[in-house]
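Here's a quick walk through one protein model, from the overall picture down to a few side chains. Have the viewer open as you read.

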Amino acid sequence: MDLTKFQKQIEGSSDKARSLPPVENWNPDFCGDINMVIAMDGRWFYEGTPVGRASLVKLFSSVLKKEEDNYFLVTPVEKVGITVEDTPFLITQWKVLEEKDNSETLVLVTQTGDEVRLDNEEQIELRVPPEEIRDKDATAIPYVCVRRNLWARLHQNVYYQLLEKAEEKSNGDTTRFIIHSANRNFVIGEVNQSK
């Protein structure tokens, strides 16, 4: 696969009024898999070599599509399969926005610069991370929907920072860690006290 050609197809297909191409409307023929991997730590590799240009990673991530459990890069004329070790995105930063009604909204930022405003309870799921990155006593951690059924895992530093901000609530044998954003509550962790 010629990445330069693929890059030109992407650049030529984006609508200037939109920040993201409409990949949900593109259904080209499958052209096979390429040796591109999004690693556990959020880095992109092509043919075993890190993709060093952040602008190129951002461009490729804008045309990422998930169908069932498979990931693809798509243009209007081409669709290629890639490997994702856990999630395509990693939340590496966060910030708080002050709203007009004096409430606060948490904004999570991925390694590719995508910003996710935390304002809907369905945006977060607690999942047990892959064995390679979890402690032996690991419990579920939050995964965040970035867009179009594409999810992000919180970087360990971000997770610990949000746990510091979280409110603890116990209900019987379970303690939940809750953060507040956009006048909603989000559970970012649970501990079962009966274990």
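What follows starts with the whole chain and then moves to a hairpin, a loop aspartate and a helix.

**The whole chain**

Keep in mind that this is a predicted model. The protein has three helices and 15 strands. Of its 195 residues, 46% are buried. Looking at contacts with a separation of 6 or more, 52% are between residues 24 or more positions apart. The accessible surface is about 11100 Å², and carbon and sulfur atoms own 43% of that.

**Strand S11 and its neighbours**

Let's zoom in on S11, which spans residues 141–147. How many of its seven residues are buried? The count is seven of seven, so to speak a full house, given the cut-off of under 20% relative accessible area. S11 has a pairing with S10 and another with S12, set out here:

| Strand paired with S11 | Residues of that strand | Bridges and direction | An opposite pair |
|---|---|---|---|
| S10 | residues 124–127 | four bridges, antiparallel | leucine 126 and proline 142 |
| S12 | residues 150–154 | four bridges, antiparallel | valine 144 and alanine 152 |

The link from S11 to S12 is a hairpin with two residues in between. One residue to look at in that turn is arginine 148, whose phi is positive at about 40°.

**A loop aspartate**

Now hop over to aspartate 86, in the loop that runs between strand S6 (79–84) and strand S7 (89–98). Is aspartate 86 buried or exposed? Its relative accessible area is 19% and the cut-off for buried is under 20%, so aspartate 86 counts as buried. What does its side chain touch? There is a polar contact with the side chain of arginine 153, at 2.6 Å. Strand S12 covers residues 150–154, so the aspartate's partner sits within the numbering of that strand.

**Helix H3**

Last stop: helix H3, residues 156–165. Which of its residues are buried? Val158, Tyr159 and Leu162 are. Why do these three belong to one side of H3? Because the arc they cover around the axis is only 100°. The general rule fits in here: an α-helix has 3.6 residues a turn, so residues three or four places apart point the same way.

And what lies over the buried residues of H3? The cover includes S7, strand S8 (104–110), S11, S12, strand S14 (174–181) and strand S15 (184–192). Both strands of the hairpin described above, S11 and S12, are therefore among the elements that cover H3's buried residues.

Key:
Residues are numbered from 1 along each chain as its sequence is written. This is a predicted model: local features need pLDDT of at least 70, side-chain atom pairs count only at pLDDT 80 or more; totals for chains, interfaces and linings use all residues. Side-chain values use heavy atoms; hydrogens and water are left out. Buried means under 20% relative accessible area, exposed over 50%, partly exposed in between (1.4 Å probe, protein chains only). Contact means heavy atoms within 4.5 Å. Accessible areas come from the Shrake-Rupley method with a 1.4 Å probe; for residues, only the protein chains shown count as cover. Two strands pair if DSSP finds at least two bridges between them. A polar contact is a pair of N or O atoms within 3.5 Å; within protein, one must be able to donate a hydrogen and the other to accept it, and residues adjacent in sequence count only if both atoms are side-chain atoms. The arc is that of the directions from the helix axis to the C-beta atoms.
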